[in-house]
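Welcome! Please have a look at the sequence and the fold below, and then we can walk through them together, from the whole chain down to a single side chain.

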Amino acid sequence: MERSKPKKTFHFHHRLPNFDGSKISALSDHFTPLPLPQLVHMVLSEIRHNRLFNIPGSLFFYPGKQDPFRIERYGTLLATPLGVAAGPHTQLSQNIIAAWLCGARYIELKTIQTLDELKVSKPCIDMQDEGYNCEWSQELKIRQSFREYLNAWILIHILHKEMRLEGPVGTLFNMSVGYNLDGILQDNVQWFFNQMSDCSAALATARDEIRQIYPAIDSLEIPGTISNHVTLSTMHGCPPEEIDKIGLYLIRDKRLHTTIKLNPTLLGADTLRNILNDKLGFETHVPDAAFDHDLKYHDALKIISSLQQASTEEGLDFSIKLTNTLESINHKNVFGKDEAMMYMSGRALHPISITLALKLQEDFKGELDLSFAGGADCFNIASILACGLKPVTYCSDLLKPGGYGRLWQSIDHLRNSFASFGAADIESMILCTAKDKRLNLREAALTNLRHYADRVTTLPAYHPNPLLVPAIKTRRPLGWFDC
């Protein structure tokens with residue numbers, strides 16, 4: 001639960017309600033996780049009034065068996081192809097639950113690493129227009145993170161029952177780990193892997209904690225495996241041999257379905273700057289060093305081929321996630337003076353990520369399993385899916401006014417898009433968009449991606465807004481969740 005008070009910079013503050021209705025007066029700029037009993041009490045008392053965390057029930061997603069945009073991932077049917085990308089909005093259990101309520105079914109959990117006592121620069125996010133963030137943003141220790149993910153896992157199953165939703169829970173929690181193999185091999189990260197694979201003991205303890213508040217907990221079937229798949233997030237500048245080594249470890253030793261998140265710098269300096277600065281007109285400056293120390297395109301092709309082969313041999317799925325944030329020079333007055341670099345996300349990243357998706361699919365003849373994050377919003381979600389990119393995860397868009405409720409807009413746009421095509425599923429929508437009955441599904445998706453990449457840099461939505469004011473903050477008092 002986060003509350004901000006008027007200041008010259010953004011900070012997270014917490015004023016937590018006690019069971020007796022009083023409030024803890026102390027304020028802090030550190031996350032304070034809620035105990036599970038308190039969270040269950042809060043959720044049950046609000047959801048029965050058709051609201052939760054200040055989100056009205058009108059923005060809740062209610063899946064239907066005939067929804068045409070359902071997908072399957074790792075053997076699980078997802079009610080939507082949408083999710084939330086690993087970021088500041090997937091750390092606390094409240095965040096995850098709010099995203100799920102509004103339609104996110106693929107939840108990329110915040111990246112964990114062995115160094116879990118970091119000093120995070122504050123403020124660490126600027127979302128005035130295109131997004132920028134500082135590199136470090138993990139604010140919980142690994143054991144706290146696991147507990148938040150377990151609490152969210154339990155509460156989503158409770159909400160599925162209380163909201164009388166149709167079908168299975170159909171939600172995936174995707175682990176995200178970093179940032180080098182030595183760190184991943186450390187005891188605390190290995191403990192995290194073990195707990196996410198089998199949380200039976202922790203789950204039994206959690207059931208005991210909330211049985212008096214929610215006796216129906218004993219009637220719920222909650223899987224003891226929270227996740228058997230992982231996304232590797234590597235630090236900017238991670239050597240190619242290290243990425244390959246980590247990927248092989250996750251596949252062969254941990255036996256996890258594995259996704260590798262790639263950086264936009266793979267496009268190369270000339271192509272990327274031509275898109276970002278010349279065609280789009282953003283002032284963001286990506287230094288030569290970003291291209292020098294990041295993974296090179298020819299190395300990426302070797303890594304993808306290597307990990308594809310390993311996954312096939314192990315009977316696992318392998319995929320690519322596009323894209324990570326874009327390293328750039330700090331030219332704004334938001335972050336501290338010690339932050340020489342900042343990392344771009346949001347709408348300016350969208351044409352870059354789409355162009356990189358096309359480049360990779362052309363080289364792999366459209367056969368790559370690509371998931372997507374990079375300026376996704378309600379206006380481009382149908383185009384992204386028509387290119388065969390899924391699931392699609394959101395970050396920057398949800399950090400703007402409206403928050404998780406903006407997911408409802410994406411689902412509404414999707415329903416209208418599928419209806420306009422008369423498409424019964426995503427495959428039909430891809431084929432209809434291509435408008436060539438001679439093409440198979442893979443060829444149609446690649447054709448759509450070519451067409452979209454050709455026109456995306458010309459769309460006004462991805463050009464700078466000259467009317468932006470210096471700040472969007474006002475003196476209006478903020479509610480507990482309206483920050």
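## The chain as a whole

The protein chain holds 15 helices and 16 strands. Its radius of gyration is 22 Å, close to the 23 Å that the globule rule gives for 483 residues, so the chain is as compact as a globular protein of that length. Please keep in mind that this is a predicted model.

If you are thinking about box dimensions, the C-alpha trace spans about 60 × 50 × 50 Å along its principal axes. Of the 483 residues, 56% count as buried. The chain exposes about 20800 Å², and carbon and sulfur atoms supply 51% of that area. Turning to contacts with a separation of 6 or more, residues 24 or more positions apart account for 71% of them.

## Helix 14 and its buried face

Now let us zoom in on helix 14, which covers residues 426-434. Ile426, Met429, Ile430 and Ala434 are buried in this helix. Seen down the helix axis, the buried residues of helix 14 fall within an arc of 130°, so they line one face of the helix. The general background is handy here: an α-helix has 3.6 residues a turn, so residues three or four places apart point the same way.

What covers these buried residues? Among the elements that do so are strand 3 (71-73) and helix 12 (381-386), together with helix 13 (406-421) and helix 15 (441-456).

## The two ends of helix 14

At the N-terminal end, Asp425 acts as the cap of helix 14: one of its side-chain oxygens lies 3.3 Å from the backbone nitrogen of Glu427. Following the helix comes Lys435, which has a positive phi, near 55°.

## Thr80, a buried loop residue

Our last stop is Thr80, in the loop between strand 4 (76-78) and strand 5 (82-84). Is Thr80 buried or exposed? Its relative accessible area is 0%, and buried means under 20%, so Thr80 is buried.

Where do the polar atoms of this side chain find partners? The side chain of Thr80 reaches the backbone nitrogen of Leu82 at 3.3 Å. A polar atom of the Thr80 side chain also lies 2.7 Å from the backbone oxygen of Gly103.

Leaving aside residues up to four places away in sequence, Thr80 touches Phe61, Phe69, Ile71, Gly103, Ala104, Arg105 and Ile411. Gly103 thus appears both in this list of neighbours and as a polar partner through its backbone oxygen.

Technical notes. Residues are numbered from 1 along each chain as its sequence is written. This is a predicted model: local features need pLDDT of at least 70, side-chain atom pairs count only at pLDDT 80 or more; totals for chains, interfaces and linings use all residues. Side-chain values use heavy atoms; hydrogens and water are left out. Buried means under 20% relative accessible area, exposed over 50%, partly exposed in between (1.4 Å probe, protein chains only). Helices (H or I, at least four residues) and strands (E, at least two) are DSSP runs, numbered from the N terminus. The arc is that of the directions from the helix axis to the C-beta atoms. Contact means heavy atoms within 4.5 Å. A polar contact is a pair of N or O atoms within 3.5 Å; within protein, one must be able to donate a hydrogen and the other to accept it, and residues adjacent in sequence count only if both atoms are side-chain atoms. The radius of gyration is taken over C-alpha atoms; the globule rule is 2.2 Å times the number of residues to the power 0.38. Accessible areas come from the Shrake-Rupley method with a 1.4 Å probe; for residues, only the protein chains shown count as cover.
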